[in-house]
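This report follows one chain from a single ion pair outwards to its domains, its ligand and some backbone details. Please keep the sequence and the structure in view while reading.

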Amino acid sequence: MKYQVDERGYYGRFGGAFIPEMLYPNVEALRTTYLSIIESTAFQNEMDDLLKNFVGRPTPLYFASRLSDQLKAKIYLKREDLCHTGAHKVNNTVGQIILARHMGKSKIIAETGAGQHGVATATVCALMGMECLVYMGKLDMERQKPNVERMRILGAKVVPALSGSMTLKDATNEAMRHWISHPKDTHYIIGSVVGPHPYPDMVARFQSVISKEIRSQLIAEQGNPFPDHVVACIGGGSNAAGAFYHFMDEPHVHLVGVEAAGKGIDSGESAATTALGKPGVLHGSKTLLMQTADGQVIEPYSISAGLDYPGIGPLHAHLLDVGRVQFVSATDDEAMQAGIALSRLEGIIPAIESAHAIAGLSKMNYDEDDVIVINLSGRGDKDLDTYIRYGNY
Ligand SMILES: *Cc1c(COP(=O)(O)O)cnc(C)c1O
């Protein structure tokens with residue numbers, strides 16, 4: 001079985017590049033150069049240096065002994081929450097900014113929903129002295145004020161998207177429009193394993209450092225690189241793609257993706273794409289998305305802003321198709337309770353996205369001596385208001 005993207009940008013029946021004709025030259029330039037650039041020694045040396053000294057990698061693989069006692073397994077947490085800026089997203093933005101510079105670009109655009117990808121992009125633009133425009137729905141700007149101000153402190157310009165529902169999909173449309181009219185000097189940094197080819201493959205490669213480190217850390221811990229299970233939450237799917245990457249060809253490693261069930265899969269308020277989605281085109285690739293009978297995208301819902309996305313990346317749609325990954329879901333309540341439990345048991349307040357991954361353990365089968373790696377994608381600082389509103393601690 002093959003899990004890598006093919007020449008045309010497909011994973012099985014999903015992927016491709018469904019873009020307006022005017023965007024074609026930009027995407028084509030990226031497609032024809034990204035592999036040779038990111039495989040070059042100059043790129044890799046710079047990337048390794050920044051991941052180590054700027055991001056703080058390798059992140060620890062922490063044996064969570066009290067959580068292990070409670071849940072009756074050997075549980076390790078991959079501590080992406082300890083990355084600079086508080087989540088895994090910076091692994092990808094560091095990669096893309098170096099790539100942009102190697103392509104001779106001087107300006108960066110990005111879109112953001114809750115603001116986490118915008119902050120990670122503004123951070124690397126400051127690092128490189130590049131101009132940064134972040135498109136954000138006007139409604140999201142009102143809901144996520146601290147992240148808007150973070151981006152501004154870092155020197156980015158945050159542009160409100162005023163069309164449609166004034167949320168993520170409108171910000172994405174406006175970023176695309178900007179890219180069409182500034183193809184020469186501008187690179188568009190996408191924040192997950194979504195978008196037209198080559199973005200899903202490129203972002204998965206940049207995040208694959210997670211599973212590369214897990215393998216060598218497990219050799220040191222237990223003498224072999226393989227856990228029995230790897231568990232990660234899925235919004236677009238980038239932290240999961242990174243955590244699964246170097247285990248995909250090892251069928252004895254059970255891979256589990258945890259989606260946001262929101263108020264319940266059948267409640268009409270969820271973001272559980274693998275349970276509810278149908279094939280369609282979203283953000284430039286063919287994938288699974290939540291849509292009405294006549295193909296309108298359904299507004300997703302989750303208590304966690306990072307999982308509140310109506311689709312999944314084409315790689316994950318394919319992994320579901322071929323049965324390589326088990327997809328489960330956790331509700332708002334299950335995730336919040338798991339987040340509070342982790343805080344009490346291990347002294348780690350997780351991002352609510354990552355709390356979904358912990359809640360996912362109750363939806364899968366495992367034995368008492370199984371080794372489980374949970375990818376702790378981010379820290380809970382950004383979610384303090386949500387924890388406070390939820391209460392029950
Ligand atoms: C953005 C985000 C996610 C969801 O994005 P993926 O691309 O699915 O990884 C998960 N966790 C955290 C902490 C995030 O910021």
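In this predicted model, R101 and E46 form a salt bridge in which the closest N and O atoms are 2.5 Å apart. The pair joins distant parts of the chain, since R101 belongs to helix α4 and E46 to helix α2 (residues 41-55), with their positions 55 residues apart. Leaving aside residues up to four places away in sequence, E46 touches I98, R101, H102 and M128. E46 and V230, by contrast, are 184 residues apart in sequence and lie 29 Å apart in space, C-alpha to C-alpha. The structure as a whole holds 20 salt bridges.

**Two domains and their interface**

The chain is divided into domain 1, made of 20-50 + 89-203, and domain 2, made of 56-86 + 208-390. The centres of the two domains, taken over C-alpha atoms, are separated by 23 Å, and the contact takes 19 residues from domain 1 and 21 residues from domain 2. Between them, domain 1 and domain 2 bury about 1,600 Å², and 61% of this area is on carbon and sulfur atoms. Of the area that domain 1 buries against domain 2, N91, V193 and V194 supply 29%, which is more than any other three residues.

What kinds of polar link cross between domain 1 and domain 2? Across this interface there are zero salt bridges, whereas five residue pairs are in polar contact, with both residues at pLDDT 80 or more. On the side of domain 1 that touches domain 2, the elements giving two or more residues are α4 (89-102), α5 (116-128), α8 (168-181) and α9 (199-207). Helix α8 provides the largest share of that side, three residues. Sorted by class, the side of domain 1 that touches domain 2 has eight nonpolar, ten polar and one charged residues.

**Surroundings of the ligand**

Which residues are closest to the ligand? It is surrounded by 17 residues, and the closest are K89, S192, G235, G237 and S238. Three polar approaches to the ligand are set out below, each with the kind of protein atom involved.

| Residue | Protein atom | Ligand atom | Distance |
|---|---|---|---|
| K89 | polar side-chain atom | oxygen | 2.7 Å |
| G235 | backbone N or O atom | oxygen | 2.7 Å |
| S377 | side-chain N or O atom | nitrogen | 2.8 Å |

K89 and G235 thus each approach an oxygen atom of the ligand, K89 with a polar side-chain atom and G235 with a backbone N or O atom, while the side chain of S377 is placed 2.8 Å from a nitrogen atom of the ligand.

**Backbone details**

Where in the chain do the cis peptide bonds at P58 and P198 lie? The bond from R57 to P58 is cis, with omega near 0 degrees, and P58 lies in the loop between α2 and β3 (61-63). A cis peptide bond also joins H197 and P198, where omega is about 15 degrees, and P198 is placed in the loop between β8 (186-189) and α9. A further backbone detail concerns K72, which has a positive phi of about 60 degrees although it is not a glycine; K72 is found in the loop between α3 (65-71) and β4 (74-79).

Methods: Residues numbered from 1 in each chain as written. Predicted model: local features only at pLDDT ≥ 70, side-chain atom pairs only at ≥ 80, totals over all residues. Heavy atoms only, no water. Domains from an automatic or database assignment. Contact = heavy atoms within 4.5 Å. Buried area = accessible area lost by both parts, 1.4 Å probe. Salt bridge = Lys/Arg side-chain N within 4 Å of Asp/Glu carboxyl O. Polar contact = N/O pair within 3.5 Å; in protein donor to acceptor, adjacent residues only side chain to side chain. Helix = DSSP H or I, 4+ residues; strand = E, 2+ residues; numbered from the N terminus. Nonpolar A, V, L, I, M, F, W, Y, C, P; charged D, E, K, R; others polar. Near = heavy atom within 4 Å.
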